[in-house]
Amino acid sequence: MGNQASPAPRSTIGSVRRFYFLEYFYVLLKSIERYPDTEQAFELFKILKRKHRLGESKYKTKLETEELSPHQINRYRYTFSEVIEESVEYGLACLVDQSTLCITDVGINLLKQYEEGDITGFNRFLFHRMEHRYKAFRFLLELFYAKNSKIPGLLIFPNYSPRQLKYQRSSFTTTIDVISYSHSLIDAISDDILKYLGVRWDLHEHNENIISRLKESHLLPDRDDEYFFPKSYNAIIKRFRDYWQAYFLKEIYGYEFSLSSFERWLFRGKQIGILYATDFYPSFSGRIVYPTAIVIDHTTSPDFELVYNEYDDGRKLYIHTPRWEVIQDKFVDALVESYFDLRRSNHSYFINLLSLREIVCYKLKIPEFMFQSFLDKAYKLNLTGHLNIKISLEVDKLPEETSAIYLTREPVMIDGKHRNIIAIDVDREGK
Amino acid sequence: MSRLIGKPKNQIDLSVLSKYARFYLSENPFPAHPYVNQESTDKRTNGFVYEMEIRKNEYDRIKDNFLQAPQVDANHPRLGYIVDTSYVGRGNGKSAFLLNLQQNINRAYCIDISNEINKCFAVYVSPRPSGQTKSFYNVVDLIFQAIIRTNVIDDTLAILRYDALSRISPEALSRIEDEDEDSIVSKLSTEEWFKDNSVDYADVAHQIKENESIKKLDPDFPLNIETAWIGSRIATKNDFHEYYERLRPQERLNFLFTEMIYFFTAAGFNGAYVLVDDFERIPNFQTARQKTDFATELRSALFDGFTLNAITGFFNIILVLHAGVHRLISEAWAESGMGNRSPIELTTEAYHVIPFEKLTQGHALLLLKKYLSEYRTVPEYSDSLIPFTERAIYRIGELSEYNAARMLKMAHDLLERISVIAEQEMIDEAFVEASRDKLALDSNRAIPEIGEVASEDLIKKAQAGEW
């Protein structure tokens, strides 16, 4: 299916507005509904943005209370104007004049939908507008399925830090150390390409490219035995990561727009339930991305929900939405199997629930929010004794997780509480 | 085939015995599977090799707040918690600590530790895995089985007989007075000894019945077989076991928490410590209802039920909690009122809560040194780290997140590795680094790679719906 020409107006895919969270639409509409005046609306926008924890630190346990720096205010203002433009584009808001905004009837309905708790409906509506305008999700879905013939739909973006490749920070000091790391890195990446995509790529030439760029920008000294500035360590490692990520996207997968536009689509797709992306798959170093939706002529399978049928060629976009009654046994099996896979390496009853979620979502190709709702159901069945396994969920984090990792992952909320660790027991007596 | 000249294809390699000799070790001191098993005969894994110094803080807290707290004071702490605050998972040395605590207490029944304030015994209880221990009655069974495993019933019987003899036949007693205590116990456990020394055991048995506590015992109590009208004989631990097995759950609870307390107090005991390891195994498999019931029954047995134990606080229970368990049970604890009796929260003033800390560099050194010293062939080196360097041990500690079991396992593997590399003299930091790949470190090892995971193919699934 990937060979078919996509009808997407490609020039616009790369120009998606610069924000990730769909909740921004809610925050903006709420601000305008209250204050038509742009400046006043912006003040409320800032408050709501923090309240909903939108931005890079969404899962921080405490909200920062300090004053915003002028730089931050500029960034917020930029986001504000981006959300306004996109809302106007979708007919949710309108510009009365330079300093006055208004909310349309469509906008009011959408606001209501969110406030009544219909987040799925809210996201689906926005999806529809986005797809109508950009056709980006169809483009990405077809790209995904076309580019990996070995494992359908899976895209990988491998990344290994020097530490993972057994370089010690204390002895990682000179240009030659970095060069040696770069070689280990391309070996590891090539292995992954062969393993997961089933093809061979020669990365040496590009590796030379990174090294010479690092030297040009004076992050690395010219001579092999010279020490680089220790504070540049993180910058150097980040260059490698960014370079290879962009390389994968452009050269291997043929996505011709910017890396940042890809990330924005990915993140939006994840919230809608069309795409799945994670940097924390337990047995993979780097990021994996795969679809939880399909573009196809037609299906009558009850496990799919039609969400877009306005493409010119008559194809349709379906999201994978298996019903609990149907998937229950399969879900519990995947949960137990993955639990024991993780537990084997852990020597503890309790294992990281977020890692478990990664594996189960991948096995069943379901979005995170669906995992949460299924686990919630399974957990309640277990409490009433109607399940042949015993589940115990806890709040505590495991020791090996640094706070940084903790903050960037969507928590699992079960029975009204955030849960981080899980223990399962298979009841041998049966029920 | 000749049985005289036929040879097997493989001969035992006798040189193996000297594999560790160049490091002044008789064998590999570290366990290959570092999980404590109190039934094991190998001192590497049964908790026998133990450096109490590592857990001095924890031990002192238990000593001050439990072992030295006068049992006769009804307000002494009856329920305590050892809370693992280290988050390094299993193998942090909790079981080894408990088994040693049990040994320490039982060595002289706490008389030495408490400066003669208490005479208490200790039992180690480990709930059975996979939810087989769910109700409080299951725990009662485990406690009783643990009592059977120790010598405390034999010792109690011997104390009662010794006491009776001192009244009715001091001269018979004088013949064994100077023997060691184990031998006295074993002699006083058979009717033969009494016959040999011309003592009618029936007299002894009746003298024992004069004890005020013994008088309160139920007529069916196993000891009363000694004074039965028909078929009287000397009672043994086995009689207690068999009797217990015949009881119904509610009767068992009463037997343990009332009858047995009369029995033990007759012999001068004023308390007992029940050390419950791996407590998480219980609530892990309980429903919310079962948790609350459990907590209520525990409260009733310890504090305000109808048993003698609730009145005297004879049995002190110490629960060992894994880092996550606290929240698992706090709700049930609050609902059952246990939260007021013995709150589980770790606060500085809560003397009944003992934090079990993460190990440090210094502990890592002590731990490995202790194991090495147990297997030294040359006494002069008993305090040495050979073949490990100090820095290597620090590195081992870091790599295993200072988890005791993982450190021991890694030390075991490193020693195995170096023993076959003749030119390698020391296990230094570089050797640890170079061996990392070979050590079972990579936590992702057992997790299947994405390519191996059976994952739903959505396109196929959607198309299958068409047929």
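Let's begin with Q245(A), a residue that lies in helix α9 (residues 233–252) of chain A. Keep in mind as you look around that this is a predicted model. Is Q245(A) buried or exposed? Its relative accessible area is 15%, and because buried means under 20%, Q245(A) counts as buried. Which residues does Q245(A) touch, leaving aside those up to four places away in sequence? They are F157(A), L259(A), E263(A) and R287(A).

Two of those names lead us on to the strands. F157(A) belongs to strand β3 (residues 155–158) of chain A, where it shares one side with L155(A). On the other side of β3(A) you will find I156(A) and P158(A). All four of these residues are buried, so both faces of the strand are covered. Strand β3(A) also has a partner: four bridges join it to strand β5 (residues 286–291) of chain A, and the two run antiparallel. Within this pair, F157(A) stands opposite R287(A) of β5(A). These are both residues that Q245(A) touches.

Now let's turn to a pair of helices. Two packed helices are described by the angle between their axes and the distance between the axes. Helix α1 (residues 23–34) and helix α3 (residues 70–89), both of chain A, pack at an angle of about 90°, and their axes are 10 Å apart. That angle makes α1(A) roughly perpendicular to α3(A). Who makes the contact? From α1(A) come Y24(A), F25(A) and L28(A), while α3(A) supplies T79(A), F80(A), V83(A), I84(A), E86(A) and S87(A). Sorted by class, this contact has six nonpolar residues, two polar ones and one charged one.

How values were computed: Residues numbered from 1 in each chain as written. Chains lettered and ligands numbered in written order. Predicted model: local features only at pLDDT ≥ 70, side-chain atom pairs only at ≥ 80, totals over all residues. Heavy atoms only, no water. Axes fitted to C-alpha atoms, helices over the stretch in contact; angles between N-to-C directions. Parallel < 35°, antiparallel > 145°, perpendicular 65-115°, else oblique. Contact = heavy atoms within 4.5 Å. Nonpolar A, V, L, I, M, F, W, Y, C, P; charged D, E, K, R; others polar. Buried < 20%, exposed > 50% of the residue type's maximum accessible area, 1.4 Å probe, protein only. Pairing = 2+ DSSP bridges.
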